[in-house]
Structures are given as C-alpha cells and as structure tokens.
Amino acid sequence: MKERFVIEGLGGEKTLSGTVSIHGAKNAVLPAMASALLFKDTLTIENIPGIEDVKRLTELLEGFGVVVAEKSNRSLTIDAATVTKTEFDRAVAKRLRASIILTGPLLARYGSATFPYPGGCVLGQRSIDLFLQSFRALGAEVKEEKDGEDDIFRLNVTDKKLHGADIFFSQVSVTATETMMMAAVLAEGTTTLRNAAMEPEIGSIAEFLNACGAHITGAGTSIITIEGGEVLSTGGRVYHTLPDRIETGSFLILGALTARELTIEGCVPEHVDALINLLQLSGVSISRGKDFLKIVQNTKPSSEWKGVNVKTHEYPGFATDLQAPMVVFLTQVMGESTVFETIFEARLNYVEDLVKMGANITMWNPNKVSIKGPSLLKDRELEGPDIRAGLAYVIAALVARGTSTIDNIYYIDRGYERLEERLQQLGANIRREKLS
Ligand code: EPU
C-alpha cells in the first residue's frame with residue numbers, strides 16, 4: 001500500500017516545541033545484524049529502530065536459514081548457526097545497498113556467497129569494485145555472470161579459509177570497511193585495512209566484536225588491523241545500537257528552522273560536531289550536554305543567520321547524509337552559501353523541487369550548488385527521491401506556506417521511525433495518508 005505525508009506548512013513561523021528522542025542508528029544496526037553470522041551462539045541486539053531497512057535485512061538473513069526473533073520491544077535475537085543457504089534473495093537485495101554487508105561474514109563463516117548487484121538509493125554509480133578487489137585479496141574466488149537482467153556475483157573460498165591480506169582502499173568506503181573487517185575476523189592470519197572509513201558505527205561494532213573474542217585494533221582510525229581467529233561467542237553480551245547521528249542532525253536542522261524550543265535527547269553530540277560547528281557559524285544558538293542538544297530561540301527569524309559553505313566529507317567531516325537537510329536550512333538564511341557534495345555523484349538532484357518551491361539555488365555542476373537566501377518557500381506536491389532528501393522535503397514542507405504532500409514515503413520509512421508521530425508531538429500538522 002502506497003502512502004504519503006500531508007504537511008501543513010508553518011510559513012516561516014517557529015511554533016514547534018518539545019523533546020524528541022533519538023532512536024538506534026540505521027547504519028549501526030545493519031552491520032550489527034550482519035555480524036551475527038560470525039557467532040556460534042545467539043546474538044541479541046538492543047535499541048533497534050523500527051525502520052524498513054531492518055525488516056529487509058531480517059528477510060535476507062531468514063533467506064539464509066538464520067533464525068531472527070523479536071525478543072522484546074526494540075530488541076532482536078539472531079541465531080546464525082542454522083545457515084542452510086548462502087544465496088541472497090535477489091528481490092530483497094536489490095532494494096537496499098547495505099545488503100552487501102552480509103557478504104563478508106557469510107563468506108568467511110560459510111565459504112560462499114551469491115548476490116546480485118545491490119540496489120538502494122540512487123545517489124550515483126555506487127560501484128562495488130572495492131568489495132570485489134578486497135575479497136580477491138583475501139583469497140576468495142570471485143565470478144561475475146549475467147542472469148537475464150541481473151548481474152550476479154559468486155564468491156567462494158577455495159582454500160580452507162580466507163587468508164589475511166594488506167588492503168588499501170582507493171576510496172574511503174563505510175560498508176566496504178565494515179564488510180572486510182568482519183570477514184577478516186574469521187580469516188587466517190593478519191589483515192590490514194588502509195584508508196579505512198572512520199565512522200563511529202565502525203568503532204562501535206569493532207568494540208563489541210572484540211569483547212566477544214575478536215582481535216581488531218585501530219577501528220575508528222584510517223588503519224585497522226585484524227588478527228583472524230575462530231567463530232565468536234557472545235558469552236551473553238548484548239549489542240546496544242548507537243544513537244543515530246543522522247537523525248540527530250536532521251532534527252537539529254528541523255528545530256533551528258521550525259521550533260521555538262527543541263530538546264534532542266539520547267544522542268551523542270560529538271558525532272554531529274561538523275554540523276553543530278556550521279550551524280553555530282551561521283548564528284544558531286545550540287546548547288549541549290553529554291547526551292542532549294537543545295535549541296532555544298523564541299521567535300528569532302532565520303533571516304538573522306548568515307550563509308556558510310559546506311563540503312561533504314567522510315567522518316568526522318560533514319556527513320553527506322545531512323547535505324540535503326542542510327541545503328533546506330541554507331535557503332532560509334541571509335546571503336550566499338555553497339554546497340559541494342564530494343562523496344556521491346548524484347546527490348543534489350532534489351534541489352530542482354526546492355527551486356520549484358521558491359528557493360534560489362543555482363546548480364553549477366552535479367556536485368555543486370549555490371544558494372541565495374532567505375526565500376519564502378511555498379507548498380508543493382513532492383515525491384521522496386531517497387531517504388535523506390525525503391527528510392529534507394519534510395523540513396521544507398514544514399517551513400513553507402501552504403499544504404504540501406510527499407509521495408513515496410517508503411524511502412523516509414526506510415530510515416526514520418514513525419516520523420509523523422514524533423513531529424506531531426512537537427506540534428506539527430503532518431499526517432500519513434494511504435493511497436489506493
Ligand atoms: N565506492 C566505490 N566502490 C565501492 C564502494 C564505494 O566507488 O566498492 C564509492 C561510492 O560510490 C561513493 C563512495 O565510495 O562514491 C563512498 O561510498 P560508501 O561505500 O562509503 O557508501 P556506503 O557504504 O554504500 C554508507 C551509508 C550511506 C552513507 C555513505 C557515506 C550504510 C548502510 N550506508 O554507504 O548511508 O551515505 O556510507 O557516508 O552505512 C543513508 O543512510 O541514507 C545512506 C545512504
């Protein structure tokens with residue numbers, strides 16, 4: 001059933017107020033679920049967000065014969081000792097890019113993995129060359145074939161086990177780092193990953209795997225070393241999913257533009273330092289504690305803030321996943337800003353719709369836009385293009401004058417749990433409508 005959001009804009013007024021709690025991070029829970037394949041006993045994961053991507057990864061694991069059960073609210077148990085099949089459900093894998101994270105632990109534990117070219121948000125080419133090169137370096141045989149429309153990849157361990165290797169990633173990749181780190185945990189010998197991604201989710205998973213018997217050093221830095229060993233045992237330990245830093249940052253931007261007062265609780269402010277820095281440079285007043293962020297601004301107009309330049313970067317730089325909400329922010333502040341997207345080639349296409357809503361944005365090339373503000377935004381019928389741009393549309397619709405609709409909200413549900421209910425609690429007029 002297709003659904004859409006109907007959003008009553010605030011016309012630039014800042015009337016929302018209240019507290020929003022941050023859920024577990026999508027991009028931490030997905031690799032954590034994949035890591036269950038490294039364990040001989042049942043892995044319990046807590047603080048699971050209620051999002052569509054968790055359901056899709058569950059379906060993929062179940063397709064292998066893994067037993068996934070809901071333990072209690074926000075907690076899952078995963079028993080991967082029961083794997084009977086190492087071929088991915090194609091239809092599901094083609095719906096999310098993160099399906100590829102399963103390949104590393106599956107191959108290392110069970111000796112094979114067959115998967116289609118993974119799908120997901122269209123943000124650019126999203127090649128998988130780093131994965132294939134790394135698997136070859138770890139001693140796997142990699143075969144590519146066509147099956148009808150599908151490109152299929154067959155990985156096999158021809159020796160008894162994968163073997164350690166020195167791998168230099170020609171490009172920093174979050175999921176390639178996670179996938180190879182997990183594969184190397186069960187490989188023979190030492191693996192070194194150079195030019196590794198440093199996102200907090202990687203350090204969090206490594207810390208948990210180490211507590212369960214893995215030997216990983218340097219996770220969270222650009223050089224990670226893994227001493228391979230035997231299948232892990234949880235020893236009763238439970239993985240607690242990190243708070244979602246992208247959700248945190250999105251709510252911070254939403255709060256700056258639409259709220260008199262907003263407290264964001266249960267977050268790790270340090271994980272969004274790059275965003276906080278730019279918002280403060282622009283003039284937004286933000287207070288922070290160990291696990292909360294707060295915006296108190298009475299009715300200060302956004303036009304008192306000034307433009308800033310943004311360049312997306314791997315962590316700890318400005319997250320590409322916050323780029324679209326930040327562009328909406330910059331349409332409301334005084335003066336000119338530029339936004340340079342450096343991670344993905346096609347992640348600025350959504351600006352066309354913001355322009356149709358009244359934003360003054362010039363696209364210089366597919367990676368660079370300049371924004372002149374402030375602009376009065378007006379309502380529009382929108383269609384969510386990807387998870388993060390979908391959320392940017394929600395923010396734009398709230399800022400705008402009039403009633404906007406956003407179709408295709410499956411994309412928003414992929415990454416944000418019950419968004420409309422959380423915004424209603426802050427006073428927003430947003431509802432979910434079923435389309436026949
Ligand atoms: N790349 C290659 N070859 C590869 C792998 C990546 O060229 O084999 C390129 C990509 O095309 C891209 C760049 O490397 O240009 C970085 O991509 P990366 O691999 O880091 O992205 P990802 O691992 O597929 C994760 C997040 C994304 C987030 C990016 C960048 C997960 C599950 N996904 O994707 O999150 O945008 O890192 O930080 O962790 C989202 O949550 O909406 C989302 C898209």
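The following questions and replies go through how some features of this predicted model are named.

Me: What makes Thr-175 a polar contact of the ligand?

Reply: A polar contact is a pair of N or O atoms within 3.5 Å. A polar side-chain atom of Thr-175 lies 2.5 Å from an oxygen atom of the ligand, so the pair counts as a polar contact.

Me: How do you know that Val-174 and Arg-347 qualify too?

Reply: For Val-174, a polar backbone atom is 2.8 Å from an oxygen atom of the ligand. For Arg-347, an N or O atom of the side chain is 3.5 Å from an oxygen atom of the ligand. The cut-off is within 3.5 Å, so both pairs count. As for cover, the ligand taken alone exposes 830 Å², and the protein buries 92% of that.

Me: Which residues surround the ligand, and what makes a residue count as near?

Reply: A residue is near if one of its heavy atoms lies within 4 Å. There are 24 residues around the ligand, and the closest are Asp-129, Ser-173, Thr-175, Asp-321 and Ile-343. By type, this shell holds 10 nonpolar, 6 polar and 8 charged residues.

Me: Which helices supply the shell around the ligand?

Reply: Helix 1 (26-35), helix 5 (129-137), helix 6 (174-185) and helix 12 (387-399) each give at least two residues. Helix 5 has the largest share, with 3 residues.

Me: Why is the ligand said to lie between domain 1 and domain 2?

Reply: Domain 1 (3-23 + 243-434) gives residues to the shell around the ligand, and domain 2 (26-240) does as well, so the ligand lies between them.

Me: What makes it right to say that the ligand sits in a pocket?

Reply: The test is that more than half of the atoms of a molecule lie within 2 Å of the grid points of the pocket. The ligand sits in the largest pocket, which means that it passes this test.

Me: Which peptide bonds are called cis, and where are they?

Reply: Most peptide bonds are trans. The bond from Tyr-315 to Pro-316 is cis, with omega near 10°, and Pro-316 is in the loop between strand 17 (310-311) and helix 10 (323-330). The bond from Gly-373 to Pro-374 is also cis, with omega near 0°; Pro-374 is in the loop between strand 20 (368-373) and strand 21 (381-383).

Me: What is there to note about the phi of Asn-195?

Reply: Most residues other than glycine have a negative phi. Asn-195 is not a glycine, yet its phi is positive, about 60°. Asn-195 is in the loop between strand 10 (190-194) and helix 7 (200-211).

Notes:
Residues numbered from 1 in each chain as written. Predicted model: local features only at pLDDT ≥ 70, side-chain atom pairs only at ≥ 80, totals over all residues. Heavy atoms only, no water. Polar contact = N/O pair within 3.5 Å; in protein donor to acceptor, adjacent residues only side chain to side chain. Areas by Shrake-Rupley, 256 points an atom, 1.4 Å probe, with all protein chains shown as cover. 1 Å grid on protein atoms, 1.4 Å probe; cavity = no way out; pocket = protein on both sides within 12 Å on 5 of 7 lines; lining within 4 Å. Helix = DSSP H or I, 4+ residues; strand = E, 2+ residues; numbered from the N terminus. Nonpolar A, V, L, I, M, F, W, Y, C, P; charged D, E, K, R; others polar. Domains from an automatic or database assignment.
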